[in-house]
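Student: Please take me closely through one part of this model, the packing around a single helix, and give the cut-offs for each term as you use it.

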Amino acid sequence: MQATSHYPVIVLGAGPTGLTLANLLGIYGVRTLLLERNVSTVDEPRAVSIDDESLRTAQAAGLVDEILPSIVQGYGVHYFSWAGREFARIEPQSAEYGFPKRNAFRQAVLAAQLCAGLRRFPHVETRFQHEVRSFVQDGDKVTLQVDHRGTPVTFSCDWLVACDGGRSGVREQLGIALSGNTFAEKWLIVDLLDRKTPFRHTRTYCDPVRPAIRLPGPQGTVRYEFMLKEGETPEYVLDEPRLRAWIRDREPLDADLPIARKVVYTFHARLAERWREGRVFLAGDAAHLTPPFAGQGMNSGVRDATNLAWKLHAVVDGRLGPDVLDTYETERKPHAWALIKMAITIGRYMQPKSRLEAMAAQWALKACSLYPPARDYILQLKFKPKPRFSEGFFLPCRAPDAAVKAGQLLPQPRMEWPGGARRLLDEALGPGFACLSWAGRPLAPEVESLAEATGMRRIEMVRAEDDFPWPPAPEREGCIVVRDCERVMQDVLAAAGAHAVLVRPDRYVLAFLADSGKEDAVRLQGLFDRYAAASKAVVADQCAA
């Protein structure tokens, strides 16, 4: 039986971004086709760092329990001077979003796990060795001409998401330019196997003679990165005796390990000028290229998938109109650029041009270590831009000084269930919209109506100092009662001057409700009405333009 050739969503590219998006669409029940030009997922080392936000997305995709055993959780960075002396450490201990902030992984293993996860969904198809040759937007659909091992195949879809990498053919066909810069310096990347040393943290050598990084990974892997000097060619630095000598200078026990890959990279800091053209979206490296110094390139792509998946689901399901998809770029682009700028700053610090410049940077970091707030700001990685939107699909917060605002990723503490089990908050929130409020405090009828109309899950919280009600209240359909045992939600709501918080499917705060919540409910209904009112004609006009 021949498979259907039209799909609500087609995803191009089986890298981490495309695979994550396809898994989330599978969770949401959206019929999806994933196309990949290669014969399988990537089988070579690429990205090596996965952060807490990406692991939270893996949790939403129902795969985090498979992924966690294959990563190194909670690694830090130790900084060394040109003389080989350690002068600073960054070892974040907090788990604000439910997982450690920095974790080492193997991209080939993660890609295989994400790909295997798609087998759970009969409504998600994956096709390898399918390369898109061209596509056309014609009002209410996108038609793709695809080559499958020399045989032409035609597919069509309502929405096309290009996760086809930094050299995106879709971006090129759309004529969308990349703005930004390419680093003049090139780097040699060497991935090794069968590591003998147990040290788990990254070592960064801020040496003006040859900046270098050593990154231990899971399953006995270790990566070295060396900056090339002006005039050095790839042929020169890829010479095996030479690169092994550089490795020996940093860690003698690594010098003779088997080499899995060696390659010279040029790093980019670039953004696509547009992330949407009619019914076509760019995501991952197709939309932004991030220098590796902050370990955020792949993680930014996962954020794209997380943001876009629920919006595509809402549109395909008819709950929201196509205009809500415009908020994808509005929300994601500024944060992606903020992380690119952070990576550039870290890169400058790691690549001193002289010993004088290296000394100045190292003394500045030592000075910060003497002042506890500054030390914690660096040690706990608080300088990383918060996952927060300035505009988009949310109601602006009435408490501008609140630590967590509307349009910001909600923390994920552990909550206590009746019976004593403690689980991460998202297990209570479920896959869709959710409302967290205090038990025993009724919501305004307008809020209840909105929650019912949008399919929000209701979670009622008992304060940390209180017991669960006894005898237990009769269970209400769609309502869960948990205890705020770590007091995190109590602090979040108090700082926002609210008694309830509404959460989007991607775990960003939709709105805080103050007083009875009636006034906020009216504003929220206006927000939903605004996007629900959009018609398919809007998209057709965009495609025609």
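Tutor: Helices (H or I, at least four residues) and strands (E, at least two) are DSSP runs, numbered from the N terminus, while axes are lines fitted to C-alpha atoms, for helices over the stretch in contact, and angles run from 0 to 180 degrees between N-to-C directions. The model is a predicted one, in which local features need pLDDT of at least 70 and side-chain atom pairs count only at pLDDT 80 or more, whereas totals for chains, interfaces and linings use all residues. Residues are numbered from 1 along each chain as its sequence is written, and side-chain values use heavy atoms, with hydrogens and water left out.

The protein chain contains 16 helices and 26 strands, and the helix I take as the centre is α8, residues 297-316. Helix α2 (residues 52-60) packs on α8 at an angle of about 40°, the two axes being 9 Å apart. That angle makes α2 oblique to α8, given that angles under 35 degrees count as roughly parallel, over 145 as roughly antiparallel, 65 to 115 as roughly perpendicular and the rest as oblique. The crossing of α2 with α8 is left-handed; a crossing has that hand if the near helix is turned anticlockwise from the far one by less than a right angle, and is right-handed if clockwise. On the α2 side the contact (heavy atoms within 4.5 Å) is made by Glu 53, Ser 54 and Thr 57, and on the α8 side by Asn 299, Val 302, Arg 303 and Thr 306. Sorted by class, this α2 contact with α8 has 1 nonpolar, 4 polar and 2 charged residues, where Ala, Val, Leu, Ile, Met, Phe, Trp, Tyr, Cys and Pro count as nonpolar, Asp, Glu, Lys and Arg as charged, and the others, Gly among them, as polar.

Helix α1 (residues 16-28) also packs on α8, their axes coming within 8 Å and crossing at roughly 30°. The two helices are therefore roughly parallel to each other, and their crossing is right-handed. From α1, Pro 16, Thr 17, Thr 20, Leu 21, Leu 24, Leu 25 and Tyr 28 meet a set of α8 residues made up of Met 298, Gly 301, Val 302, Ala 305, Thr 306, Ala 309, Trp 310, Leu 312 and His 313. By class, this contact of α1 with α8 has 11 nonpolar and 5 polar residues and no charged ones. Val 302 and Thr 306 of α8 are named in the contact with α2 and again in the contact with α1.

Helix α4 (residues 107-117) brings further contacts, and its buried residues (under 20% relative accessible area, with exposed over 50% and partly exposed in between, using a 1.4 Å probe and protein chains only) are Gln 107, Leu 110, Ala 111, Gln 113, Leu 114, Cys 115 and Gly 117. These buried residues of α4 pack against α1, β3 (49-51), α3 (64-67) and α8.

Another neighbour is Arg 332, found in helix α9 (residues 326-350), which counts as buried because its relative accessibility is 2%. Leaving out residues up to four places away in sequence, Arg 332 touches Trp 275, His 288, Ser 300, Arg 303, Asp 304 and Asn 307. Asn 307 lies 25 residues from Arg 332 along the chain, and their C-alpha atoms are separated by 7.7 Å.

A wider view brings in the nonpolar core, which is a set of buried Ala, Val, Leu, Ile, Met, Phe, Trp, Tyr and Cys residues joined through side-chain atoms within 4.5 Å. The largest such core has 107 residues, of which Ile 10, Phe 393 and Leu 524 touch the most other members, and its largest share, 9 residues, comes from α8. Not counting neighbours within four places in sequence, Phe 393 is in contact with a set of residues including Trp 310, Leu 320, Val 324, Phe 433, Leu 527 and Phe 528. A second, separate core of 31 residues includes Ala 402, Ala 434, Ile 459 and Met 489.

For the whole protein chain of 545 residues, buried residues make up 55%, and among contacts between residues at least 6 apart in sequence, 70% join residues at least 24 apart.
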